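The following exercises concern empty space in a protein model. Each task is followed by a solution that proceeds step by step.

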Amino acid sequence: MDEHVSIDIAATGMDSAIYSYSSGKQIFNLNLGTIDSKTTAIDNSRYGNSGTGSQIFNGNIGKIIVRDITYKTQGISNTGFGHQEINGHVGSIQIDGNSYTSQNAGVYQYGTGNVGSATQYIQSIGDIGSASGRFGTGIYSYQGADQTIGSTGNLYAGLYGIYHFGDVGGQTISQVGSINVVAKNVIGAGIFGQTNTGQGFGAKQYIGMNGNITTTNAYGIRNAGGLQEIEALLPGGITIHSDQNNGKAVYALALSPSARNDKGEAIADTT
């Protein structure tokens with residue numbers, strides 16, 4: 001692979017710029033420049049008879065831009081029983097406007113809730129969103145077997161910075177820059193975690209923070225059940241600041257198990 005050569009991709013229709021739906025493997029051994037897509041940029045979808053195929057990128061991606069801010073448009077998506085890897089650095093994931101829909105996400109995984117469901121690994125990402133272009137959720141994982149991201153830059157969102165709901169698999173993001181959430185009518189969270197199996201089945205959420213968490217009309221950190229560990233990686237800790245302007249109470253750290261789950265543990269190593 002020539003590290004000095006990259007390919008730009010533009011998709012103006014309703015289909016994804018890069019899409020895989022099969023029981024085989026889709027492998028890219030190259031560097032990509034800019035992926036400019038109206039809808040989801042990179043999509044790995046494995047349901048029903050499509051089997052448990054893989055989508056693997058070995059190389060860097062300069063930048064991902066998605067243009068549509070409506071329901072279920074994502075920068076990188078993995079759903080069903082698929083396995084997705086990006087073994088390289090993604091420069092940034094951007095959206096052309098502000099979204100307040102949770103499944104409109106920079107990075108997205110939606111599994112089946114079964115062992116062996118979707119697995120997603122991304123080596124590193126720069127910023128996800130911006131102050132003027134916010135995904136509904138920066139990083140989203142729902143009922144996947146495992147979501148692992150080495151590091152990200154700053155996350156900007158309109159509902160959730162990081163969201164994890166899972167009974168069979170965990171979410172690990174080793175390093176995150178800052179998280180900035182500005183929600184509207186629906187209360188969001190900088191970091192949200194929930195599992196209906198309490199602390200069992202390895203459905204732990206771990207987030208390492210290199211920067212502060214700032215939210216408006218959103219909790220800073222919310223645990224709705226299960227084991228959630230948020231670690232401040234800076235020697236002096238981090239700051240969590242939550243405010244509201246819509247009359248609805250929010251908190252910097254909230255442990256509030258759902259009606260379906262009376263077990264929860266939140267570990268927050270912050271200042």
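**Exercise 1.** Determine which strand gives the most to the lining of the largest cavity.

*Solution.* The strand is β21, with 3 residues. Strands are DSSP runs of E with at least two residues, numbered from the N terminus. A cavity is a set of points on a 1 Å grid over the protein atoms alone where a 1.4 Å probe fits but cannot get out, and lining residues have an atom within 4 Å of a point. The model is predicted, with local features needing pLDDT of at least 70 and side-chain atom pairs pLDDT 80 or more, while totals for chains, interfaces and linings use all residues. Residues are numbered from 1 along each chain as its sequence is written, and side-chain values use heavy atoms, without hydrogens and water.

**Exercise 2.** State how many cavities of 30 Å³ or more the structure holds, and describe the largest cavity.

*Solution.* Step 1: the structure holds 1 such cavity. Step 2: the space in the largest cavity is about 40 Å³, a volume being the space filled by probe spheres set on grid points joined across faces, edges and corners. Step 3: the lining includes H164, T195 and L227, and both β17 (188-194) and β21 (226-232) supply at least two of its residues. Step 4: the lining has 2 nonpolar, 8 polar (Gly among them) and no charged (Asp, Glu, Lys and Arg) residues.

**Exercise 3.** Identify the residues nearest the centre of the largest pocket.

*Solution.* Step 1: a pocket is an open set of points with protein on both sides within 12 Å along at least five of seven lines; the largest pocket has about 200 Å³ of space. Step 2: of its 13 lining residues, D43, K72, Q74, S77 and Y108 lie nearest the centre.

Technical notes. Helix = DSSP H or I, 4+ residues; strand = E, 2+ residues; numbered from the N terminus.
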